[in-house]
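User: Could you take a close look at one part of this model for me, the helix at the start of each chain? I'd like to know how it sits in its own chain and what goes on around it.

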Number of protein chains: 2
Amino acid sequence: MRASETAYQLLRDEIIQWRLEPGTPLGEVETSQRLGVSRTPLREALSRLTAEGLVRTGPGRTAVVTSMSRDDIVELFELREALETQAARLAARRRDATVFEALRADFVAGGRGKNVPVEDRPYELADALDVAIDEAAGSVYLQGALRDLRGHLARVRRSAHSNADRLGRATSEHILIVDAILAQDEALAASATAVHLHNSLANVLASLPQDEA
Amino acid sequence: MRASETAYQLLRDEIIQWRLEPGTPLGEVETSQRLGVSRTPLREALSRLTAEGLVRTGPGRTAVVTSMSRDDIVELFELREALETQAARLAARRRDATVFEALRADFVAGGRGKNVPVEDRPYELADALDVAIDEAAGSVYLQGALRDLRGHLARVRRSAHSNADRLGRATSEHILIVDAILAQDEALAASATAVHLHNSLANVLASLPQDEA
DNA sequence: GGGTGGCCGATTGTATACAAGCTAAAGTAC
DNA sequence: GTACTTTAGCTTGTATACAATCGGCCACCC
């Protein structure tokens, strides 16, 4: 694999999994030595991460890991609502029924049969639904915008643990979205998505360490 | 100015203004010599343009200027609708009245008093409205997604000339959007934006060179 | 005659050397 | 004591040299 790609993947994982905390400075010399690549491919990796929004440059041209405040999470979900409701609308219009029928069965079965740990199955299924919707929407531009979003969302997920109650409700919400897409009901698909995101955001905010005003 | 920034700006302008046509290969050696920079900063520029979607890599690792088919334009407007209706909603919620009152006066006056050529005034005003809405929405993530979009839209604008009739209607639509934002009517702001984009897309598609099925 | 193998050319990928800018700190002058 | 200036160190920005990979083409073999 290319060194620039390696550096990008490594850094992205470290940021998303909070092994690199927000505000961590990423000096080129130090980071390149740590990752075992030279500065040139590292700069390309940092460039991609900056465009993605996971790394911010400055002040002093130094790259630092982007912070994730409570406001950031709210803004992130505002963008997410715009993109995912539209994606749901388009998916309802253009979906391949067999794909979503299979997904529906998976949700009802709770992900049994998957080769993933039990506690990861809800996320696995949710990700599968996201991918299916993205593909069904069939817009490269929308997919591009959503791709950047997913990285940030994965970061948020790491900092907010869902309880069993929330997971159960989330599954119901997901099934409703799938049903709306299967029924090609664009308005319902969008509304169901908006509801799901609203509840999801509320859950994330509630589980934040300190809920400052 | 930094060489990488210079290269980025030059290439971006050339692509947006169609001086580099879609499909044009951007060999690193040739392009770097043409722009008067070395390969390293050029690679950073290409990296940014690729992330922005104006340049695509491959096949054979060569960078080429992205194409803009009719389908691309439709998909672009689908994303635009998602982002701008949300931005309009948020702007209606959080707007600074004085800013939009000034904008409204500008629209009614038709941009008189501006130091720009008469034929550019409608675009100048539309851009000013876009900026005002983006800022009023107050979401860095939404703004980031919109920033990438603007480049593509500027490309589309170059290939579709509006007639006087369309410009007049567009102004009416813009004023309606401004009024909705001033009235803090989120639903109307979003709907008015959707209508405007729908009409705008229809105008663009109609003025396409060959309207193939 | 067609297909396959290897070679040559060119292009991108990487590393490193060098230059320039910025930050911060320390010293001096007021 | 404070503020300003200068310098030293480190940082990033750029250029170029070198390595590796990809594609095309030609010759040779089947």
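Analyst: Let's fix one term before we start: a residue counts as buried if 20 or more other C-beta atoms lie within 10 Å of its own, and as exposed if 12 or fewer do. Keep in mind, too, that this is a predicted model.

Start with α1 of chain A, which runs over residues 3–16. The helix has 14 residues and reaches 20 Å from its first C-alpha to its last, close to the 20 Å expected at 1.5 Å a residue. By that cut-off, its buried residues are A:Ser4, A:Ala7, A:Tyr8, A:Leu11 and A:Ile15. They cover an arc of only 100 degrees around the axis, so they sit on the same side of α1(A). Turn to the face pointing away from that buried side and you meet A:Gln9 and A:Asp13, both exposed. As for what the buried residues pack against, that's α2, α3 and β2 (63–65) of chain A.

Past the end of the helix there's a backbone detail to look at. α1(A) is followed by A:Trp18, with a positive phi near 60 degrees. For background, most residues other than glycine have a negative phi.

Now go over to chain B. α1(B) also has 14 residues and spans 20 Å from first C-alpha to last, close to the expected 20 Å. Buried here are B:Ser4, B:Ala7, B:Tyr8, B:Leu11 and B:Ile15. Seen down the helix axis, these fall within an arc of 100 degrees, so they line one face of α1(B). B:Gln9 and B:Asp13 are exposed on the other side. The cover over the buried residues includes α2, α3 and β2 (63–65) of chain B.

What comes after the helix in this chain? Just past α1(B), B:Trp18 takes a positive phi of about 60 degrees, and B:Trp18 isn't a glycine. You'll find B:Trp18 in the loop between α1 and α2 of chain B. With 13 other C-beta atoms within 10 Å, B:Trp18 is partly exposed. B:Gln17 is in that loop between α1 and α2 (28–35) of chain B as well. B:Gln17 has 11 C-beta neighbours inside 10 Å, so B:Gln17 counts as exposed. B:Gln17 is also 9.5 Å from B:Arg157, C-alpha to C-alpha, though 140 residues separate the two in sequence.

If you want another positive phi in chain B, try B:Gln184, at about 55 degrees and again not a glycine. B:Gln184 lies in the loop between α8 (164–182) and α9 (186–206) of chain B, and is partly exposed, with 14 other C-beta atoms within 10 Å.

Back to the helix, this time with the DNA in view. Around DNA strand C there are 16 residues, and A:Arg2, A:Ala3, A:Ser38, A:Thr40 and B:Glu28 come nearest. α1 and α3 of chain A, together with α2 of chain B, each supply at least two residues of that surface. The most, three residues, come from α3(A). By class, the surface near DNA strand C has five nonpolar, seven polar and four charged residues.

On to DNA strand D. It has 16 residues around it, of which A:Glu28, B:Arg2, B:Ala3, B:Ser38 and B:Thr40 come nearest. The elements giving two or more residues here are α2 (28–35) of chain A, plus α1 (3–16) and α3 (39–52) of chain B. α3(B) gives the most, with three residues. Sorted by class, the residues near DNA strand D are five nonpolar, seven polar and four charged.

How do the two chains relate to each other? A rotation of 180 degrees with 0.0 Å of shift along its axis superposes chain A on chain B, at an RMSD of 0.1 Å. That's the relation of a two-fold axis. In chain A, the C-alpha nearest the axis belongs to A:Ala82, 2.6 Å from it.

Where the chains touch, the contact takes 22 residues from chain A and 22 residues from chain B. On the chain A side, the elements giving two or more residues are α3 (39–52), α4 (70–94) and α7 (140–159). The largest share, nine residues, comes from α4(A). That side divides into ten nonpolar, six polar and six charged residues. And 100% of the interface residues of chain A are also interface residues in chain B, so the copies meet through the same surface.

Terms used. Residues numbered from 1 in each chain as written. Chains lettered and ligands numbered in written order. Predicted model: local features only at pLDDT ≥ 70, side-chain atom pairs only at ≥ 80, totals over all residues. Contact = placed C-beta atoms within 7 Å. Helix = DSSP H or I, 4+ residues; strand = E, 2+ residues; numbered from the N terminus. Nonpolar A, V, L, I, M, F, W, Y, C, P; charged D, E, K, R; others polar. Near = placed C-beta within 6 Å. Least-squares fit on C-alpha atoms with pLDDT ≥ 70 in both. Expected span 1.5 Å × (residues − 1). Arc of directions from axis to C-beta.
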